[in-house]
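User: I am new to this structure and would like to understand the reasons behind the labels that are used for it. Could you take me through them one at a time?

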Amino acid sequence: MASSILSIICTTCVIIFLAATSICVVEGGREFKVGDHLGWHQPFPNNTVFYIQWAERNRFQVGDSLLFEYQNDSVLAVEKMDYVNCDTSNPITEFDNGNSIVNLDRPGAFFFISGNEDHCINGQKLVVEVMSPHQIPKSSPSPSPSISLPPEGSSEMSPSPSPYASDHSLGDSTSASASLVLGLVPMVSLATFVIVFLLTP
């Protein structure tokens with residue numbers, strides 16, 4: 001009798017242990033508000049490296065997105081040399097509605113400048129280095145009109161079924177989606193526990 005109660009207690013503990021440790025959450029994508037609470041604006045004269053420092057404080061991965069909030073300005077996605085020279089004449093894409101989201105859909109560098117050349121010269125420009133992909137959940141939002149940035153150095157611009165950029169309001173909340181992954185370590189731990197339990201007299 002005591003043996004069967006002990007067996008039930010051990011089995012229950014194993015199930016609870018397995019449920020608690022075999023599932024880990026993997027982040028699917030985050031939304032970064034460019035400039036945090038200050039948004040997208042011309043930096044103050046004594047802080048022209050504001051956006052450089054903001055980008056260095058964050059880690060961007062494929063699947064993340066950037067939220068640009070601004071007034072009386074615009075955001076241009078540009079090539080590297082246009083970024084360096086603050087050249088607003090040939091953007092890859094342009095946003096001017098005050099609330100723009102850019103999806104980071106590939107690893108590598110993304111370059112953004114203000115549509116006002118003087119603002120760009122004064123530091124309102126951003127380069128974001130995107131690292132390897134997150135695990136992205138299978139369900140995705142409905143497609144919206146989008147443009148994909150070409151690989152760095154290419155001047156091609158092409159429509160893409162995968163969203164790169166969209167203009168719409170989402171507020172300043174950080175969004176994240178998650179997927180569940182079964183871990184190997186808990187399974188090995190469970191197998192070890194069962195073997196030890198069966199071998200114990």
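Analyst: In this predicted model, buried residues make up 36% of the 201 residues in the chain, and the chain holds 5 helices and 13 strands. Among the contacts with a separation of 6 or more, 75% are between residues 24 or more positions apart.

User: What makes F68 and F112 count as buried or exposed?

Analyst: The label buried requires a relative accessible area under 20%. F68 has 0% relative accessibility, so F68 is buried, and F112, also at 0%, therefore counts as buried as well.

User: Why is the pair of F68 and F112 called tilted?

Analyst: Two rings pair if their centres lie within 6.5 Å, and they are tilted when the angle between the planes is neither under 30 degrees nor over 60. For F68 and F112 the centres are 5.2 Å apart and the planes are at 55 degrees, so both conditions are met and the pair is tilted. This pair links distant parts of the chain, since F68 belongs to strand β4 (residues 65–69) and F112 to strand β8 (residues 108–114), 44 residues apart. Ring pairs also join F68 and F112 with W40, F50 and Y51 into a cluster.

User: How many aromatic pairs are there, and what makes W54 and F60 one of them?

Analyst: The structure holds 7 aromatic pairs. The ring centres of W54 and F60 are 5.7 Å apart, which is within the 6.5 Å that a pair requires, and their planes are at 45 degrees, so this pair is tilted. Both W54 and F60 are buried.

User: Why is β8 described as largely enclosed?

Analyst: Of the 7 residues of β8, 6 are buried, so the rest of the structure largely encloses this strand. Strand β5 (residues 75–78) pairs with β8 in the antiparallel sense over 4 bridges, and V75 has S114 in β8 as its bridge partner. Strand β9 (residues 125–131) also pairs with β8 in the antiparallel sense, over 6 bridges, with V128 in β9 as the bridge partner of F110.

User: How do you know that the charged end of R106 sits over the ring of F110?

Analyst: The distance part of the test asks for a charge within 6 Å of the ring centre, and the charged end of R106 is 4.2 Å from the centre of the F110 ring. K125 likewise lies over the face of Y83, at 4.8 Å from the ring centre.

User: What makes E69 and K33 a salt bridge?

Analyst: A salt bridge needs a side-chain nitrogen of Lys or Arg within 4 Å of a carboxyl oxygen of Asp or Glu, and the closest N and O atoms of E69 and K33 are 2.9 Å apart, so the pair qualifies. E69 lies in strand β4 and K33 in strand β2 (residues 31–33), 36 residues apart. K33 has a relative accessible area of 15%, which is under 20%, and therefore counts as buried.

User: How many salt bridges does a search of the whole structure find, and which parts does the one between D36 and R57 tie together?

Analyst: The search finds 2 salt bridges, and in the one between D36 and R57 the closest N and O atoms are 3.6 Å apart, so this pair too falls within 4 Å. D36 lies in the loop between β2 and α2 (50–56) and R57 in the loop between α2 and β3 (60–61), so the pair ties together parts 21 residues apart in sequence. D36, at 36% relative accessible area, is partly exposed, whereas R57, at 52%, is over the 50% limit and therefore counts as exposed.

Key
Residues numbered from 1 in each chain as written. Predicted model: local features only at pLDDT ≥ 70, side-chain atom pairs only at ≥ 80, totals over all residues. Heavy atoms only, no water. Phe/Tyr/Trp six-rings, centres within 6.5 Å; stacked < 30°, edge-to-face > 60°. Buried < 20%, exposed > 50% of the residue type's maximum accessible area, 1.4 Å probe, protein only. Helix = DSSP H or I, 4+ residues; strand = E, 2+ residues; numbered from the N terminus. Lys NZ or Arg CZ within 6 Å of the ring centre and 35° of its normal. Pairing = 2+ DSSP bridges. Contact = heavy atoms within 4.5 Å.
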